[in-house]
Amino acid sequence: MPKIPRWWWILPLVLIALFASLQLQGTGREMRYDELLAKVRAGEVRSVVLDGQTVRGELRVDGESDDAARPARPSERHQTTFTTARPVDDDRLVPLLEEHGVRIRVIPKSDGSWMTWIWLLLPLLLLLSLFARMQAGAGGAPGAMAFGKSKGKIFTQRDISVNFDDVAGVDEAKAELREVIDFLKNPDKYRALGARIPKGILLVGPPGTGKTLLARAVAGEARVPFISISGSEFVEMFVGVGAARVRDLFEQATQTAPAIVFIDELDALGRARGPGNMPGSNEEREQTLNQLLVELDGFEPLGEGRGVVVILAATNRPEVLDPALLRAGRFDRQVVVDRPDRIGRRMILGVHTRKVPLDPSVDLEVVAQRTPGFAGADLANLVNEAALRAAREGRDVVIMDDFSHAQDRVLAGLEQRSKLIDEEERKRVAYHECGHALAARFGGSGTKVHKVSIVPRSVGALGFTMQLPERERRLFTRSQLEAQMVALVGGRAAEELVFGEASTGAADDLRKVTDLARAMVLEHGLSEAVGPVSIERRTTYLGGLGGGVEVGGKTADLADAEVRRLVDEALRRARNILETHRERLERMVEVLLETEVLEGDALDEFLQA
Ligand code: ADP
Ligand code: MG
Ligand code: ZN
């Protein structure tokens with residue numbers, strides 16, 4: 001198959017542009033109708049073309065005699081041609097033209113200028129090009145390669161000017177990525193020690209939190225080229241093209257090293273394979289994904305004789321990724337890029353107002369406080385909207401009022417998230433999370449609460465409480481498991497205590513606590529009423545059923561009642577704890593609503609005995 005030059009499809013476009021400009025050249029300057037009549041009367045018009053309602057024509061050049069047959073030189077033509085639209089039913093022009101000896105050419109309507117033809121041919125050309133693309137995609141490798149490159153979607157950027165100062169409020173992610181920058185800058189240090197540096201790092205977080213920005217900033221900080229490609233662009237491609245593109249990507253990377261390779265929106269191409277997908281429809285994606293896995297496996301970040309290549313990828317849907325992508329030696333490191341807390345938002349606002357003249361009335365602290373749930377991109381948008389409003393109103397500084405208006409606008413575009421701004425809901429979430437924390441601390445679970453947050457998370461949850469066991473455990477006693485259950489229902493208990501009723505926010509907790517109770521009763525024989533028998537066994541790791549013991553209806557009822565009793569008991573204990581520490585709970589919630597995150601000393605203070 002002959003190799004199609006990558007720019008071949010430009011040809012028809014160039015031709016069209018050429019024709020169009022020729023046509024335009026003939027049109028010259030626009031002239032009013034009355035002006036035209038005046039010029040004809042003054043004998044200044046040499047010839048006209050009547051084309052429907054349009055009159056195109058040429059003026060006489062100064063001093064030119066009436067019968068001058070010489071064609072105007074192009075340079076003159078350019079200045080002397082004109083177009084005029086004439087009224088419908090105009091019957092004055094033609095007699096007037098005749099009277100003054102102007103040459104007249106008429107273009108009959110049906111004739112249609114060749115522009116018409118172009119419009120007819122255009123769809124055909126488009127179809128042809130589409131067809132050629134399909135051929136290139138499905139056909140042999142050369143075509144695919146040519147096309148794979150031709151779309152030019154692999155961007156290589158050198159001298160990226162973004163650096164870590166441009167990314168705010170994601171300090172943990174930045175700290176993790178500093179290491180990567182060090183690899184890129186001082187590879188010999190790692191080579192000498194024979195250290196294996198991570199191959200792929202996955203940035204995970206909700207949309208607009210600055211994942212793409214961070215990846216670019218890493219390249220900017222390390223001063224290495226940034227080679228990027230977006231997963232979503234693979235989806236629309238024809239079979240074989242994506243795989244070729246992936247190959248290209250890695251080839252370019254090794255040639256350009258040291259470099260950063262960035263695959264944005266990895267989920268678009270890295271979605272889990274297998275059942276549930278329409279057969280055939282995902283062939284392209286599977287091929288692309290397989291190629292990516294192959295390239296990742298064969299890739300050595302610290303290749304001999306060249307600089308380091310680090311592969312970054314970003315996704316806001318880690319849960320749909322094919323697990324194969326996350327295996328050791330592939331994207332085995334994940335960096336969480338979460339929505340910013342209040343202080344983070346204040347810093348992001350700082351970054352985006354660096355070049356915006358602010359009125360002294362603007363208090364970014366207050367703006368940050370009023371924008372819970374906003375991601376970096378939303379804040380950037382907010383600042384921009386505020387500046388736009390100031391400009392619309394003709395001011396040269398942005399005032400606080402601009403921010404308030406801008407916020408309404410931005411919120412309107414964020415419908416779903418705007419719910420998180422609901423004060424009532426924030427309060428409920430705060431009580432819920434503090435309830436977990438206090439129940440964990442005083443329920444005897446022996447775990448340490450590390451962090452309490454009401455910053456909305458990536459995956460659905462409105463807040464979270466992070467507890468870690470004080471030491472690694474492999475065996476749990478009954479009382480330890482019961483204490484875990486108390487911690488799990490602490491959120492619901494707090495809601496019931498404070499608001500008189502629970503909400504849907506505790507569903508996940510309930511599922512976990514029920515699972516735990518069931519395991520205690522049915523698997524571990526840890527309930528007195530049912531006794532030390534194992535009624536249900538886990539499915540074996542080979543996928544077969546573990547062959548549970550048949551139990552009579554009576555035992556099953558008893559087990560159900562036991563599960564219920566255990567959960568009720570946990571709830572009762574959690575409520576007791578919270579009632580005892582009610583005052584502590586209130587103080588904690590107050591601070592949490594203010595800061596959105598509690599950790600370290602600030603948290604320990606509330607959890608002291
Ligand atoms: P993501 O890739 O996570 O969806 P982007 O990196 O594309 O988000 O962010 C879009 C824009 O929002 C950025 O170009 C930047 O202007 C702004 N932005 C997002 N997060 C931050 C942040 N943490 N600090 C500063 N600006 C940010
Ligand atoms: Mg992005
Ligand atoms: Zn909870």
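Student: Which spacing do the donors of the zinc ion (ligand 3) follow along the chain?

Tutor: Donors are N, O and S atoms within 2.8 Å of the metal (3.2 Å for Na, K and Ca), and water is not among the atoms, so sites may look incomplete. In this predicted model, the donors of the zinc ion (ligand 3) follow H-x3-H-x72-D. They are H432 (NE2), H436 (NE2) and, twice, D509 (OD), at 2.0 to 2.8 Å from the zinc ion. H432 lies in helix α19 (residues 423-442) and D509 in helix α21 (residues 507-523), so the pair ties together parts 77 residues apart in sequence. Residues are numbered from 1 along each chain as its sequence is written, and ligands from 1 in the order in which they are written.

Student: Are H432 and D509 buried or exposed?

Tutor: Buried means under 20% relative accessible area, exposed over 50%, and partly exposed in between (1.4 Å probe, protein chains only). H432 counts as buried at 5%, and D509 counts as buried at 11%.

Student: Which residues of helix α24 are buried?

Tutor: Helices are DSSP runs (H or I, at least four residues), numbered from the N terminus. In α24 (residues 600-607), L603, F606 and L607 are buried. They cover an arc of only 95° around the axis, which puts them on the same side of α24; the arc is that of the directions from the helix axis to the C-beta atoms. The face turned away from the buried side carries the exposed residues D601 and E605.

Terms used:
Predicted model: local features only at pLDDT ≥ 70, side-chain atom pairs only at ≥ 80, totals over all residues. Heavy atoms only, no water. Helix = DSSP H or I, 4+ residues; strand = E, 2+ residues; numbered from the N terminus.
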